[in-house]
Amino acid sequence: MKSATSEPSEKKGHICPPSNAKHPMDRWESLFVYGFICRFTNLRGKVDGFNSPMDFEEALLSPEANPVMTQILSRFVLNLRPGTRNLSSDVISSTVASLLQEYFKTPEHTVFWDDALGVNVDPFPTMDGGFFAADWDLKLKILRQMVELQLCHSQEIKAVIDRAWGVIHNKHKKIEVTALPPPAGDPHSQERLQLVPVGQDKDRKRYWIIDDSPRVYMSTNPWKITATFQTIASTRDEYIAIVEKVKAGAPSESKPGARRSKLETAHLALLKALEDRIEIIDNELARIQRAQRKVQQRALLIASAELRETRTRRRTTRPDYAYMNNPPDEDDGDDYAYQSQEQEDDDYDDQMDLDDAENTTNSRRGAAAGTRRSTRASATNGSSRGAQDPWSDWRGERRSTRLGAPGDVELDGPPPKRAKTDDSAVSGNSGDASGGPGKAGSGLKIKINGAAAMKPTETAVEAVAGKKKSKFWYYAVEPVAGVPAPNAYPPPSDGVHLPLSDKPLRDEMSDESHGNNRRYPSTTPSASASATASNADELYEKSIGGSLSPTSSMDES
């Protein structure tokens, strides 16, 4: 008899043949990773330059640190290890390596499981330059493994899946409100989270679409070892060509009452689904173009900002100004002449000296047409003045005429004259012999219009014995019949001032000489004036009450 005992044969699972793809777009892992990003993260459209599967593949092929790939790795790390801080592009590679080492130590089979050793082999020690410098095939395997770990261990991802499928943990515990599955239109609904083919043609080829871009994947029968996966469309033109090809292979119209097979029905449904997406693809391409233009404009602004000078302060060169007294013509007056700081300071001092001594003669300083008023502006002018005038270096110190100083350097001269305005003309200098015509010695102006106008029967008198005298008003006296008015002014007229020719009256009203720089008459009448008007004082005081001059209360004050 033959022995019934036999060694049990070890069963081996299904082994997929290695892929011979030359580009990430022909690997199913690319569809798997990109599909997870679109369904469980908001990176697409939020990260600059990440809008389609083509952008993901471009970042995967980059041998340098890519912003898109850096953001993808950062999001995966945060899902597996919340609170991680080392997420910058220069340290993200070591962060991913340390994260995967924790899961490689467990008996869970990963992509890097070695059947001979019975452990997970860490690929990072063999990498030269970190994650970004590795081959795109190895980087794609790492991304696939991180996606699988998130689906199994990330609490946030698992909560989204459980809610979409209506899974409730710990049913024995009382829960106030049971979370209902989201509706079909919700991004986290069961219909939106599933990754299923859009359709199948009559040859049993499946068509996969992951987003609104024109990218279309095609796979053969997945139950066969010889199954293939490839990309058949990446642009709009290629997509339209695929639609026309499917339309050409569509079954012909069946006879009335005839029943179509499942393959024919699936082929017609695939054709309709592909045709309905043409408008959606156009809108998505327009959105991607707008996003790309914004990125380009931002890059141009950054580049122009580096070239543009950002200094807002003025340069160290101080501005210099040319002070031209009387330029001969317009062109000569606009010419610019450079001067040093020391020379400008001297010019400023000289200008202040000229303003303080306004009444002194300026002929010696020679302000000729087109020349500066500075004593050091010209070497020729300065040397000639220094040779002729020993007082040319005087800077405002006190000089006495007893020491030989000329009169134009004295600081004790007459004060500057006041402006000849209407108000000041009323209170002008009685001793100013150079006044214009029509100016009275007291500077009072008689009005014939308004409330203060004089009556035809009144006479203007500057001072009355026993009354207060002021430079701001005069007295209007109506004479008594038969008595002449002493020192009366002529009848007023509009715009006519007190006469200048009445010199004895001016001398009697002033108790000091006019040559002693007195601008205003004395407020006390002289003795001669009082004696002359003593006989008629009482008569004039009786007629003051009827005049239009200021009231007696003002006089008493």
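**Helix H9, the cysteines and serine 154**

Modeller: In this predicted model, helix H9 runs over residues 262-276, and since its 15 residues at 1.5 Å a residue should span 21 Å, the 21 Å between its end C-alpha atoms agrees with that expectation.

Colleague: OK, and which residues of H9 are buried?

Modeller: The buried residues of H9 are His267, Leu270, Leu271 and Leu274, and because they cover an arc of only 100° around the axis, they sit on the same side of H9.

Colleague: What covers those buried residues of H9?

Modeller: The cover includes two strands, E3 (199-200) and E4 (206-208), together with helix H8 (236-248) and helix H10 (278-307).

Colleague: And which exposed residues are on the face turned away from the buried side of H9?

Modeller: That face of H9 carries Lys262 and Lys272, both of which are exposed.

Colleague: Switching topic: how many disulfides turn up in the whole structure?

Modeller: Zero disulfides were found when the whole structure was searched. As for individual cysteines, cysteine 38 is partly exposed, because its relative accessible area is 23%, and cysteine 152 also counts as partly exposed, with a relative accessibility of 43%.

Colleague: Then serine 154, where does that lie?

Modeller: Serine 154 belongs to the loop that connects helix H5 (136-153) with helix H6 (155-165).

Colleague: Is serine 154 buried or exposed?

Modeller: Serine 154 is buried, because its relative accessible area is 1%, which is under the 20% cut-off.

Colleague: What is serine 154 in contact with, leaving aside neighbours within four places in sequence?

Modeller: With those neighbours set aside, serine 154 is in contact with Asn79 and Leu149.

Technical notes: Residues are numbered from 1 along each chain as its sequence is written. This is a predicted model: local features need pLDDT of at least 70, side-chain atom pairs count only at pLDDT 80 or more; totals for chains, interfaces and linings use all residues. Side-chain values use heavy atoms; hydrogens and water are left out. Helices (H or I, at least four residues) and strands (E, at least two) are DSSP runs, numbered from the N terminus. The expected span of a helix is 1.5 Å times one less than its number of residues. Buried means under 20% relative accessible area, exposed over 50%, partly exposed in between (1.4 Å probe, protein chains only). The arc is that of the directions from the helix axis to the C-beta atoms. Contact means heavy atoms within 4.5 Å. A disulfide is a pair of cysteine sulfur atoms within 2.5 Å.
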